[in-house]
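Me: I'd like to learn how to read a structure feature by feature. Could you walk me through one?

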Amino acid sequence: MSTTDPPKKMTYRDAVREGIRSALQNDPRVFLMGEDVGHYGGCFAVSRGLLAEFGEERIRDTPLAESAFVGAGIGAALGGMRPIVEIMTCNFSLLALDQIMNTAASLLHMSGGQFNVPLVIRMATGGGKQLAAQHSHSLEGWYAHIPGLKVLTPATLEDGYGMLASALADPDPVLIFENQTLYIMEGELPANAGPVDISSAKVRCEGKDVTILTYGASLPKSLEAAAKLAEQGVHAEVVDLRVLRPLDDATIMRSVAKTHRVLIVDEGWRSGGISAEISARIQEKAFYELDRPVQRLCSAEVPMPYAKHLEQAALPQVESIIAAVQNLVRSHG
Amino acid sequence: MTTAQPDHDQARRLLWQMVRIRRFEEKCVEMYSAQKIRGFMHLYIGEEAVATGIIEQLRPEDAIVATYREHGQALVRGMSAGSIMAEMYGKQEGCARGRGGSMHLFDAKTRFCGGNAIVGGGLPLAIGLALADKMQNRKAVTACFFGEGAVAEGEFHESLNLAALWKLPVLFICENNLYAMGTALRYTESKTEIAKKGDAYNVANAVVDGMDVLAVSEAAAKAIATAREGQPFLLECRTYRFRAHSMFDAELYRSKDEVTEWKKRDPITLFFDAMKAANVLSDADYAAVETEVAKEVDDSVAYAEAGTWEPVSDLTRFVYSEVTAS
Ligand SMILES: Cc1ncc(C[n+]2csc(CCOP(=O)(O)OP(=O)(O)O)c2C)c(N)n1
Ligand SMILES: [Mg+2]
């Protein structure tokens, strides 16, 4: 592809698939393994068609044994391969939490720097599809607690496509969280799309009145809220965190210094969540920039209910983001 | 069928249970298309003989642990079709107040302990229920249903070992429908005879034709009797799901011919034809069952439609208990 080609219209799902395809094409050490990635075509149809293209060795269906195949991914990474392990949803990743935390994240340190684990784990995250309490949670902030891991939350087509290559190039374990509701998002992937940086947050919408710090499925919601707020004369700056570990403090503090008011929007739970961490960092590093206390809009502290009206009420929404911003701006003294 | 003949009433009841599951789920599909039901919904159509054959042999004090494919188990256990339909509608009259949906049906009264959507997640729970029964000298059995996909999870192995080690009254029922979502058993198990895995843990085991409700009943009776004496039992039921894994499945992984072949062994037709040939049931019996069931299913929809939405102000209820601990 050359830079003069027009961008390609596709969904986020397609972009993730193209990212996987290009990784498989570019590096013979790369392979994809997980439940139903092959014959079924991927739980969320991300890997559809890849089995026919790359064969069973490299598109490897696993038994339902999360702990074993994540552990196998760690071993394969140690052995010189570059595995992409897919876990259907982050709720199921808990069956592999021991391998992720006690082995993948700790090995380099425990071995005194001898064994790094170049493993990439992709998983779906998030609610909003009425899948109830065992399929709908957002555990990315929780994983961001663990030293040794990098935690990515692609929320655009470019990131869905490009973060994978960067993660594979990283010498350490990287977790990529793809929000389930983003798979159908349509957009354009530039013809020259390629690896993207996996260390910084990005301002997705400039504004001077208030900063919205967010990621994942709350990014499109926050951008929509910002557009509506702009019509009312309130200019919100929307920062896409992109990487939850390590957090890009510099970009966050720069925006805080510009707007002096902050709303954190996070689909995870509030207590002990990534929003609490970000809020603490702001008060540590930019306290005197603040005109108002940092505000948080998170998911309700409840295992996700099935009923639509309850689930929608549990999640941050465009309306609740707007209301929270209005509150921050109005009460400016 | 080689098993003992049931009498007219017994046969009619088995037919009735299987037809209930079939027609109820067909209605669920209709309501899913009408967007009254959402989320993941997994159908049991084709596998009715398993839940029917087994649960009909249980006593009221026995417990059941099931998976996300559990409409059939819930119906046969005696949960009302209305409370199940209302649950799938997300109404507060549902068996879990609309909090759980299709994958999480619960009913404390009948010791129906869910509705677990983590593959393999129910097995350890069954161990604990059986342990509690044993420690309190109750002669109850816990019947634990799971798919053959769950056999690859560590919990399967850990649970079988515990059950045998602690001599627990558990009946493990593996519903082997050959596929875990779209992955065929041959791609996931080095040894595909599942019942035999019980041998490794000293768990008595048997294989049964899961399309033959009488064969399942007979095997269940023996297995439950063994379990009730404190010897766990693993019963592998060979069956097949006629529908997609869930409502989102394009079924790229199996041929239409394979499905057609299996449909020739439809558990309802198979059973009714045999009973008719043996002069146990008549066409009139079948028609009467269909009429009864049609009414029950229609009533369940009416009940769900008339149900109400739990107020949003109740969103964070049931995170902690509202009664004090005893
Ligand atoms: C721990 C875990 N991993 C993956 C899944 C996703 N999943 C749901 S059902 C299913 C297939 C299970 O197959 P099986 O146990 O054979 O039961 P069946 O659906 O055939 O009745 C999978 C992989 C899950 N729910 N839980
Ligand atoms: Mg199965």
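Reply: Happy to! Keep in mind that this is a predicted model. Let's begin with a single pair of residues: A:Leu152 stands opposite A:Val243 in β12(A).

Me: Which strand is joined to β12(A), and how many bridges join them?

Reply: That is strand β6 (residues 150-152) of chain A, joined to β12(A) by 2 bridges. The two strands run antiparallel.

Me: How do I place that pair in the whole sheet? In what order do the strands come?

Reply: Read across the sheet from one side to the other. In chain A the order is β3-β2-β4-β5-β7-β6-β12, which makes 7 strands in an open sheet with mixed pairing. In an open sheet, look next for the strands that pair on one side only; here these edge strands are β3 (59-61) and β12 (243-245) of chain A. As for twist, neighbouring strands are turned by 20° against each other on average, with direction ignored.

Me: Where are the domain boundaries in chain A?

Reply: Domain 1 covers 8-189 and domain 2 covers 202-330 of chain A. Their centres, taken over C-alpha atoms, are 26 Å apart. Domain 1 of chain A gives 31 residues to the contact and domain 2 of chain A gives 26.

Me: How should I describe the surface between the domains? What area is buried there?

Reply: Give the area first, then its chemistry. Domain 1 and domain 2 of chain A bury about 2100 Å² between them, and carbon and sulfur atoms give 56% of that. Then ask who contributes: A:Gln130, A:His137 and A:Thr153 supply 25% of the area that domain 1 of chain A buries against domain 2, more than any other three residues.

Me: And the polar side of the story: how many salt bridges cross the interface of domain 1 and domain 2 of chain A?

Reply: The rule finds 2 salt bridges across that interface. There are also 16 residue pairs in polar contact between domain 1 and domain 2 of chain A, both residues being at pLDDT 80 or more. As for elements, α7 (140-143), β6 and α8 (157-169) of chain A each give two or more residues to the domain 1 side. The largest share of that side, 3 residues, comes from β6(A).

Me: Is there a salt bridge worth looking up by residue, and which atoms do I check?

Reply: Try A:Arg242 and A:Asp159, which form a salt bridge with their closest N and O atoms 2.7 Å apart.

Me: Now for the two chains. What do chain A and chain B bury between them?

Reply: The approach carries over. Chain A and chain B bury about 3000 Å², with 66% of it on carbon and sulfur atoms. The contact takes 34 residues from chain A and 41 from chain B. On the chain A side, A:Tyr40, A:Leu64 and A:Tyr306 supply 25% of the buried area, more than any other three residues. The rule finds 0 salt bridges between the chains, while 12 residue pairs are in polar contact. Helix α12 (residues 308-314) of chain A gives the largest share of the chain A side, 4 residues.

Me: Last, what should I look for in the backbone?

Reply: Most residues other than glycine have a negative phi, and most peptide bonds are trans, so exceptions deserve a glance. A:Ala132 has a phi near 65°, a positive value, and lies in the loop between β5 (120-125) and α7 of chain A.

Me: Which residues does the cis peptide bond join?

Reply: A:Arg245 and A:Pro246, with omega about 0°. A:Pro246 is in the loop between β12 and α10 (249-259) of chain A.

How values were computed. Residues numbered from 1 in each chain as written. Chains lettered and ligands numbered in written order. Predicted model: local features only at pLDDT ≥ 70, side-chain atom pairs only at ≥ 80, totals over all residues. Heavy atoms only, no water. Pairing = 2+ DSSP bridges. Axes fitted to C-alpha atoms, helices over the stretch in contact; angles between N-to-C directions. Domains from an automatic or database assignment. Contact = heavy atoms within 4.5 Å. Buried area = accessible area lost by both parts, 1.4 Å probe. Salt bridge = Lys/Arg side-chain N within 4 Å of Asp/Glu carboxyl O. Polar contact = N/O pair within 3.5 Å; in protein donor to acceptor, adjacent residues only side chain to side chain.
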